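Good morning, everyone, and thank you for making time for this. Please have a look at the sequence and the model first, and then I will walk you through a few of the details.

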Amino acid sequence: MKFSFSIIKDYFFFTYQAIYKFYKSFKVGRLMLFAFALYFIFIDENSWVTIFRNDIKISELNKEIDFYKQEIELSKTKYIELNSNRENLEKFAREQFLMKKPEEDVFIINPDK
């Protein structure tokens, strides 16, 4: 029985080719992974940049919601105060809408001039 080095040589040659193909595909794979990462971070409709912008917008809208809730509470207390007493309603009408009784004169002092 004769031992042939060509079998070993062929084995290593094919192994080297397989490793080289894997290495090339790994390079392509890394490139594809990088491309997909860029796509999902910056370009996609649901990208991280868009998500970050939407989070900022949501926080601003939540601040507006809190502001308007406070305004609603102030308006409710003002409404209750005005409807509880006729004198308060008359005072409010005189101050805000410059209403007067028939026998009164109203003088408006403008501090801007």
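Let me begin with one contact: the side chain of Ser47 makes a polar contact, at 3.0 Å, with the side chain of Thr50, where a polar contact is a pair of N or O atoms within 3.5 Å, one able to donate a hydrogen and the other to accept it, and residues adjacent in sequence count only if both atoms are side-chain atoms. Please keep in mind that this is a predicted model, in which local features need pLDDT of at least 70 and side-chain atom pairs count only at pLDDT 80 or more, while totals for chains, interfaces and linings use all residues. Residues are numbered from 1 along each chain as its sequence is written, and side-chain values use heavy atoms, with hydrogens and water left out.

Where is Ser47 found? Ser47 lies in the loop between α1 (5-43) and α2, helices being DSSP runs of H or I with at least four residues, numbered from the N terminus. Leaving aside neighbours within four places in sequence, Ser47 is in contact (heavy atoms within 4.5 Å) with Phe40, Ile41 and Phe42. Ser47 is buried, because its relative accessible area is 0%, and buried means under 20%, calculated with a 1.4 Å probe and protein chains only.

Turning to the whole chain, there are three helices and zero strands, which read along the sequence as α-α-α. Of the 113 residues in the chain, 4% are buried.

Notes: Helix = DSSP H or I, 4+ residues; strand = E, 2+ residues; numbered from the N terminus. Buried < 20%, exposed > 50% of the residue type's maximum accessible area, 1.4 Å probe, protein only.
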